[in-house]
Amino acid sequence: MAGSTIKTVYDIFQSMDYGPTSSSTATAQAWLEHQSGALGLFIDGRFVLPAGRQTCSVTDSSGGSVCTTVCATDEDVSLSVSSGASGFKAWSALPCHVRAKTLLRLVSGLQRYGQCLSELCDLAQSPSSFSALVRLLQYYSGWAQLRDTLLPDWTPRGLVAVVVSDDCSLYSLMLKALPALAMGNTVVVIPGVETAIPALLLAQLFVEAGLPAGVLNVVTGNVLSLASTVAQNPLTSYVTYSGNKNDGEKLCRATAGMGVPVSLSISLGATCPFIIFESADIDSAVDGVIETAFKKKRECQWLLCVQESVLDIVVARLKSRMAGMKSVPLQKEGDRRLVDAAVEEAQQQGATLIQPCAPSPSGASYPPTVLCGMAPSCPCVVTPPPGPLLPLLSFRSQTEGVTLGNHSPHGYAASLWTEDLTLALEAAKGLSVGSVWVNSHSVLDPSLPLSGHKESSNCTDGGKEGLFQFLRPSSSSPSLPRSSPTSLDYSRFGTATSAAIIPQGPDSSSCPRSYLQYVGGKQCKSESGSSVSVLAPDGAVLAYCPDAGRKDVRNAVEAAIKVQPGWMKRSPTDRAQSLFTLAKALEMKRRDLAASLHSQTGLSLEEVDKEVELSIAQLYDWAARCDKETGGILPVPQSGSALSIPEALGVVGVVLPDSSPLLSMVSLLVAAVAMGNAVVMVPSPKNPLPALEFIQVLQSSDIPAGVVNILTGGRDQLTQALANHSVIKAIWYWGSVEGCQYLQHTCASPLKNLWLHCLEEKDGGRVWSQPPPSLLEERWRRAVQWKSVWIPTA
Amino acid sequence: MSARNPGIPLDLEWVSKVRVNTQAVLKRAQQIPGRNKNKKQWQAAWLLRAVTCIDLTTLAGDDTPGNVHRLCMKASQPVRADLLQSMDMHDKGLTTAAVCVYPSRVADAVKTLKAANSRLPVASVATGFPAGQTPLKTRLEEVRLAVQDGAAEIDIVINRTLALTGQWEGSDFIKTSTGKEPVNATYPVAIVMVRAIRDYFLRTGHKVGFKPAGGIRTAKESLVWLTLMKEELGDEWLRPHLFRLGASSLLADIERQIYHYVTGHYAAYHEMPMA
């Protein structure tokens with residue numbers, strides 16, 4: 001420290017500055033030297049350093065090289081995947097308690113080598129909390145122990161690829177890898193630049209703790225190309241990603257059509273509101289701002305929203321607390337230019353700045369800066385610039401505070417500050433984000449489900465809820481068969497027009513009926529006015545139904561989004577009552593439905609009666625479930641109350657299968673609607689009549705108009721229209737391989753939750769007629785997103 | 001002491017609007033020690049700063065002119081001269097902030113300090129210390145007498161009956177407690193108090209000082225207190241005119257830490273001149 005030798009005791013006595021912090025990296029250096037400064041890939045339980053590979057240099061904060069990592073080739077990936085697949089046989093066959101014990105043994109390994117790990121994290125500029133890692137291990141060791149007891153009928157998926165972007169933290173990586181392992185999967189980790197070194201060390205410690213070879217492999221290199229190579233391998237069952245949005249989208253596009261489910265947690269870069277109400281402990285709230293908003297490396301971009309009545313008080317405190325703060329190093333070359341431009345632009349728009357000191361004329365650092373007087377339309381709010389800049393917005397009423405906080409495509413988290421209990425809970429309920437931190441911020445614990453709403457994720461990490469992405473119902477095979485992407489022209493998918501109906505000539509014997517579709521509680525024709533013919537099993541024209549397109553989807557979504565918030569807010573018991581009326585209405589009209597099923601499918605009267613009966617049973621079943629499937633209060637290490645709350649997704653698009661046309665429609669409709677969603681249903685083009693007949697049932701029930709909408713027409717056309725509507729949060733799809741590929745590619749942005757199935761069903765519709773409990777559970781889990789609310793109390 | 005706080009009319013609406021979130025304050029209190037990672041000369045300098053903020057105190061029933069004399073002499077030369085010399089701090093007039101005694105001992109202290117040519121102020125606890133449960137008349141008389149004897153600063157025990165029933169008084173300094181309670185100066189309570197100081201400053205422009213007292217015994221704790229003040233109120237509250245540490249045995253521990261910094265050895269207590 002050159003600076004510290006110049007400062008005398010008297011200088012410091014006068015200035016009362018803090019001294020420089022120095023941290024040793026000796027242990028980490030020793031380990032790296034032991035590895036000859038060149039880290040290999042971790043495959044099949046050991047480090048391998050294949051010859052002739054390109055290497056990548058990991059640098060520390062001063063730009064010096066820490067060590068090199070290997071850029072894995074396709075050959076290396078293939079080795080790691082086959083190692084993982086054979087490791088799966090051994091690992092999944094172990095009894096639960098053995099897996100649990102292995103995870104626990106790593107805790108002692110970590111305690112032994114914790115110093116080395118944290119120094120490595122510091123070197124790789126990915127600081128991570130040692131105690132948080134220990135907590136993760138202990139938590140998931142518990143789940144490993146209890147899997148068979150608490151999650152019977154579920155089975156691990158197989159080999160899971162855990163992919164994180166270069167800037168992602170070790171915690172986010174482990175929040176994926178550990179539950180995967182705990183549930184009995186094997187894992188290929190594809191770490192980013194910042195997590196590569198610690199991930200490799202952890203893999204080594206894991207093997208020392210007794211993890212069988214092949215259960216955890218780590219391959220380093222270009223994240224996106226490695227991830228798609230791993231995904232392409234038919235031995236890979238699932239790909240899960242955490243990190244920035246950009247790379248996540250690219251990953252989805254690159255792997256579309258491979259027949260492997262991919263889910264994203266956009267854990268980085270979300271804009272999150274930090275809402276200070278007038279009833280807050282203002283000093284503590286400001287303290288929270290200071291602590292989280294100006295960090296060199298921050299997970300989210302905070303947006304400070306302050307109630308007008310306390311705006312001056314907050315600003316005064318910010319000024320006084322920020323007074324001594326030092327400039328913050330910027331992350332990337334060229335950031336300074338962006339920061340300067342953003343600040344200048346904000347000032348031109350009338351922003352006033354709170355800064356502890358003037359920025360140095362040039363250089364790669366910038367003082368913490370609050371931009372006061374911003375509005376949601378300002379560029380620095382819409383697309384936040386890098387650097388320690390915090391836009392400040394004001395709001396008038398409590399309701400407006402929540403509205404302001406919600407007005408963003410992101411739904412990762414929010415911090416809200418108030419001492420008013422009612423307000424806290426109401427605001428927590430009203431914010432469409434995955435994590436609400438009341439009078440606190442950035443609280444992460446593996447027991448809290450982390451499920452970003454809107455564009456922030458399409459899966460849930462953490463908690464019991466987060467385990468299901470690594471499991472599938474034991475009774476069913478994966479719904480998405482492996483495939484190779486076809487050269488699909490994404491811009492032309494679903495644009496073909498349906499075959500026109502032409503006059504068939506005089507034939508008095510048949511006079512096919514024209515059905516109407518169902519939008520916003522009204523029967524209607526398609527916007528285009530055209531129809532398609534529906535054929536009977538013998539090939540004769542049975543009926544005509546509307547040929548819906550984009551505009552019909554638009555109308556249906558408009559109707560759905562109008563009524564869905566109210567439907568969701570109704571109490572579960574109230575929703576249950578509505579579903580009972582639906583069940584009763586179907587009982588009344590069972591003959592009509594049976595007749596329609598019979599003429600559509602040609603099945604025997606006995607068989608169609610049974611399908612109607614099962615459909616009625618499904619309605620009763622879900623009416624009963626409405627107020628039974630709930631969240632709970634979570635035990636967390638800190639003192640306070642943690643709630644996990646299942647919430648409706650919003651509007652769900654359902655593209656229905658050909659088989660069991662009534663039962664499949666009713667089963668999916670009621671699962672979505674029971675949990676508070678609205679649906680836009682697309683019946684199978686082959687067998688649409690039972691669904692259209694069901695409109696009569698819907699109309700005589702007291703399900704509010706718009707909650708269920710039914711559109712008929714070309715499957716691809718309507719799938720394309722659903723995929724391109726941002727309001728739709730989830731698509732449940734039964735259809736072609738190409739349809740699945742199209743959805744995976746298109747629904748990466750705006751992000752949607754996809755539940756994809758290819759048509760060929762091997763079990764003859766048993767999933768509909770005799771769904772096992774785990775499948776029913778999967779349906780309701782698919783119908784909700786989770787919100788965790790953390791309220792610290794003494 | 002800072003400029004006097006003239007006070008403002010009691011505004012109970014202001015008081016009633018104050019919100020404190022216990023968990024947030026506790027969390028803050030836990031973080032404060034971690035903010036200060038000072039080592040070597042940084043730590044030594046901070047420790048010397050702590051010395052200048054100490055109200056070196058004796059408040060015992062058996063106080064006599066003798067031990068008050070020792071206390072005053074220690075207060076005016078709190079760190080061994082050879083240690084100061086080696087840090088080049090010997091000529092900086094380093095003393096504690098004040099000595100603090102019972103009213104009856106004020107005259108003794110003033111006499112000793114005058115004889116030693118020291119301008120160190122004498123502080124006195126007064127007003128029925130430590131309970132404050134004496135009549136207003138005698139409380140005021142006690143203050144008058146202490147001032148007459150030469151006390152420059154008075155630590156008043158407010159009548160907590162009045163405080164608990166919402167009838168507050170104003171002051172230049174606020175103090176965590178008398179030091180005679182089972183629980184005295186804790187960081188969470190201090191955070192709430194210094195935030196009230198900030199609030200008052202932002203509204204009126206008057207700076208009120210802060211004095212934690214009771215149970216502060218180690219050098220490490222004194223550094224946490226300084227850190228707390230720096231973090232919450234800024235550098236101005238790191239000087240004796242706005243910050244005091246009420247303590248009796250703290251100084252000895254600080255002196256030992258300074259000894260360690262200078263010599264690299266850990267000192268026995270008897271190596272430090274006693275107070």
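Is K207(B) buried, partly exposed or exposed? Let's start there, everyone. At 25% relative accessibility, K207(B) counts as partly exposed. Please keep in mind throughout that we are looking at a predicted model.

K207(B) has a charged partner, too. Its side chain meets that of E236(B) in a salt bridge, 2.7 Å from N to O. This pair links distant parts of the chain, 29 residues apart. K207(B) sits in the loop between α9 (187–204) and β6 (209–211) of chain B, while E236(B) sits in the loop between α10 (219–233) and β7 (245–247) of chain B. E236(B) also counts as partly exposed, at 34% relative accessibility.

Let me stay with salt bridges for a moment. Over all chains, the structure holds 49 of them. One is made by the side chains of K27(B) and E291(A), at 3.6 Å from N to O. K27(B) belongs to helix α2 (residues 22–35) of chain B and E291(A) to helix α11 (residues 282–292) of chain A, so this pair joins two chains. As for exposure, K27(B) is partly exposed at 33% relative accessibility, and E291(A) is partly exposed as well, with a relative accessible area of 23%.

Now a pair inside one helix. D340(A) forms a salt bridge with R336(A), and their closest N and O atoms are 3.0 Å apart. Both residues lie in helix α13 (residues 335–348) of chain A, 4 residues apart, which is about one turn of the helix. Look at the surroundings of each partner: D340(A) is partly exposed, with a relative accessible area of 30%, whereas R336(A) counts as buried at 11%.

There is also a network of salt bridges with members from chains A and B. On the chain A side you will find D283(A), D287(A), R317(A) and R321(A). From chain B, the members include R28(B), R35(B), R195(B), D199(B) and E232(B).

So much for charges that have partners; which charged residue is buried yet has no salt bridge? That is D60(A), and the nearest side chain of opposite charge, K296(A), is 9.4 Å away. D60(A) is placed in the loop between β4 (55–59) and β5 (65–70) of chain A. Leaving aside residues up to four places away in sequence, D60(A) touches V66(A), L123(A) and Q125(A).

That loop takes us to the sheet. It is an open sheet of 3 strands in chain A, ordered β1-β5-β4, with mixed pairing. β1 (38–39) and β4 of chain A stand at the edges with a single partner strand each, so one side of each is left without a neighbour in the sheet. The pairing of β4(A) with β5(A) is antiparallel and runs over 5 bridges. Within it, S57(A) has T68(A) of β5(A) as its bridge partner. Helix α8 (residues 193–208) of chain A packs on this sheet and touches β1, β4 and β5 of chain A, its direction making about 70° with that of β5(A).

Next, some packing elsewhere in chain A. In helix α15 (residues 398–406), the residues G401(A), V402(A), L404(A), G405(A) and N406(A) are buried. They pack against β12 (270–276), β13 (300–307), β18 (389–395), α16 (421–430) and β22 of chain A.

β22 (453–454) also bounds a loop that begins after β21 (435–438) of chain A, and S440(A) is found there. S440(A) is buried, with a relative accessible area of 6%. A polar atom of the S440(A) side chain lies 2.9 Å from the backbone oxygen of V438(A). Not counting residues up to four places away in sequence, S440(A) touches S415(A), W417(A), W790(A) and P792(A).

Finally, the backbone. Most residues other than glycine have a negative phi, and most peptide bonds are trans. Here are some exceptions, beginning with N117(B), which has a positive phi of about 55°. N117(B) is exposed, with a relative accessible area of 71%. T127(B) has a phi near 60°, but T127(B) counts as buried, at 3% relative accessibility. T127(B) is in the loop between β3 and α7 of chain B, and P130(B) lies in the loop between β3 (122–126) and α7 (136–148) of chain B. The peptide bond from F129(B) to P130(B) is cis, with omega near 0°. In chain A, the bond from S749(A) to P750(A) is cis as well, with omega near -10°. P750(A) lies in the loop between α24 (737–746) and β35 (753–758) of chain A.

Thanks for listening!

Notes. Residues are numbered from 1 along each chain as its sequence is written. Chains are lettered from A and ligands numbered from 1 in the order in which they are written. This is a predicted model: local features need pLDDT of at least 70, side-chain atom pairs count only at pLDDT 80 or more; totals for chains, interfaces and linings use all residues. Side-chain values use heavy atoms; hydrogens and water are left out. Buried means under 20% relative accessible area, exposed over 50%, partly exposed in between (1.4 Å probe, protein chains only). Lys and Arg count as positive and Asp and Glu as negative; His and the chain ends are not counted. A salt bridge is a side-chain nitrogen of Lys or Arg within 4 Å of a carboxyl oxygen of Asp or Glu. Contact means heavy atoms within 4.5 Å. Two strands pair if DSSP finds at least two bridges between them. Axes are lines fitted to C-alpha atoms, for helices over the stretch in contact, and angles run from 0 to 180 degrees between N-to-C directions. A polar contact is a pair of N or O atoms within 3.5 Å; within protein, one must be able to donate a hydrogen and the other to accept it, and residues adjacent in sequence count only if both atoms are side-chain atoms.
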